[in-house]
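Let's take a walk through the open and enclosed spaces of this model, and then through two of its helix contacts.

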Amino acid sequence: MKEAQYIWMDGAFVAWNDAKVHILTHTLHYGNAAFEGTRAYKTNKGLAIFRLQDHTKRLLNSAKIVAIDCPYTQEQLQRAQIELLQKNHFEGDSVYIRPIIYLGYGAMGVYHKNSPVNVAIAAWEWGAYLGEDGLQKGIRIKTSSFARNSVKSSFGKAKISANYLNSQMAKYEAVSCGFEEALLLDENGFVAEGSGECLFIVRSNKLITPPHDNSLESITQATVIEIARNMGIDVEERRITRDEIYVSDEAFFTGTAAEITPIRELDFRVIGNGCRGEITTKIQNAYFDIVLGKDKEFSHYLTYIF
């Protein structure tokens, strides 16, 4: 990780190496914390955060779902993220922002409402999550032996720390088997998502993505759907089985960290021609034009850091 100078903690800027919490911080033991992943990109007008309002709103929605009362408003959190980027003077092409609303030190036990609520925001320069080579040539993925968390036992619409143990184990398994990423199915055997990404496939020039019945409502997924429809590409949101991915023409993952990453292979089956497909390329190029401030039609999604 490339360290920055400052982290925002409960309204104050703290030196990176001084941003610490107590060992008895409630979230560390019981996993209840809401967090976000947001990116900022270097444009011709300077650094700009992509869909800041949407990410911050989802952060607060996640906290609400798990009964954490955030002491800051959406506007205050947005301003804090802007000021953090300004104070750190980032020079790289891409910056990742990680706000987290967590339960701090003060009480132990499963009941969480007696614990103080703390908020922190970190940001650092971070390139392609699944590798620059993956963006160009695609990645190899494996269907996980772990099912995505059931809606009967967890909150899929909340981006919370506890949910990601499921993702960690799926990713660990996939990487240990020589793949770059995992594909998780839901408890009924239909495709849910990657360990931290949404899935799209292309069949007969139609873009298909599974509904988020038991997974996060992805902001990047929504952006891709908007891009595709703007291009005149048919988009269908429906259940997908993994064998349908095997015979698809193209496939790719989307997410704030993953951006638009092609999938060239699933479970040792080559997808399409085994490389980044035509529609994937068009959407990937359009996405990067948007986040880099080159598409005026989507400029409302950018918050510039001046």
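## The largest pocket

By class, the lining of the largest pocket splits into 22 nonpolar, 20 polar and 8 charged residues. Bear in mind that we're looking at a predicted model here. The space in this largest pocket comes to about 1200 Å³. Its lining takes in 50 residues, and those closest to the pocket's centre are Phe35, Tyr96, Arg98, Lys159 and Tyr164.

Which elements give two or more residues to that lining? On the strand side they are S1 (6-9), S6 (94-103), S7 (117-125) and S14 (250-255), and on the helix side H1 (26-30), H2 (52-65), H5 (164-176) and H6. H5 has the largest share, with 5 residues.

## The second largest pocket

Next comes a pocket of about 270 Å³, the second largest. It's lined by 15 residues, with Tyr41, Glu132, Leu135, Glu259 and Phe288 closest to the centre. Strand S4 (38-43), helix H4 (132-137) and helix H8 are the elements that each put two or more residues into this lining. The class split is 5 nonpolar, 5 polar and 5 charged.

## Two cavities

How many cavities of 30 Å³ or more are there? The count is 2. The largest cavity holds about 60 Å³ of space. Around this largest cavity sit Asp186, Phe190, Val191 and Ala192, then Pro210, Pro211, Asp213 and Asn214, and finally Arg239. Sorted by class, that lining has 5 nonpolar, 1 polar and 3 charged residues.

The second largest cavity has a volume of about 40 Å³. Arg39, Phe50, His55, Ile219, Thr220, Thr256 and Tyr287 line it, and they divide into 3 nonpolar, 3 polar and 1 charged. Keep Thr220 and Tyr287 in mind: both belong to this cavity's lining, and both turn up again in the contact between H6 and H8.

## H6 against H8

Helix H6 (residues 219-230) and helix H8 (residues 278-291) have axes that come within 10 Å and cross at roughly 110 degrees. Why call the pair roughly perpendicular? Angles from 65 to 115 degrees count as roughly perpendicular, so the crossing puts H6 roughly perpendicular to H8. As for handedness, H6 passes H8 in a right-handed crossing.

On the H6 side, the contact is made by Thr220, Thr223, Val224, Ile227 and Ala228, and on the H8 side by Ile283, Ala286, Tyr287 and Ile290. That gives 7 nonpolar and 2 polar residues, with no charged ones. Both helices also tie back to the pockets: H6 is among the elements lining the largest one, while H8 helps line the second largest.

## H2 against H3

The axes of H2 and helix H3 (residues 74-88) also come within 10 Å, crossing at roughly 125 degrees. Are they perpendicular or oblique to each other? With 115 degrees as the upper limit for roughly perpendicular and anything over 145 counting as roughly antiparallel, H2 and H3 are therefore oblique to each other. The crossing of H2 past H3 is right-handed.

H2 brings Leu52, Gln53, Thr56, Lys57, Leu59 and Leu60 to this contact, where they meet Gln74, Leu77, Gln78, Gln81 and Ile82 of H3. By class, the contact of H2 with H3 has 5 nonpolar, 5 polar and 1 charged. H2 has a part in the largest pocket as well, giving two or more residues to its lining.

Key:
Residues numbered from 1 in each chain as written. Predicted model: local features only at pLDDT ≥ 70, side-chain atom pairs only at ≥ 80, totals over all residues. Heavy atoms only, no water. Axes fitted to C-alpha atoms, helices over the stretch in contact; angles between N-to-C directions. Helix = DSSP H or I, 4+ residues; strand = E, 2+ residues; numbered from the N terminus. Parallel < 35°, antiparallel > 145°, perpendicular 65-115°, else oblique. Left-handed = near helix turned anticlockwise from the far one by under 90°. Contact = heavy atoms within 4.5 Å. Nonpolar A, V, L, I, M, F, W, Y, C, P; charged D, E, K, R; others polar. 1 Å grid on protein atoms, 1.4 Å probe; cavity = no way out; pocket = protein on both sides within 12 Å on 5 of 7 lines; lining within 4 Å. Points joined across faces, edges and corners; volume = space filled by probe spheres on them.
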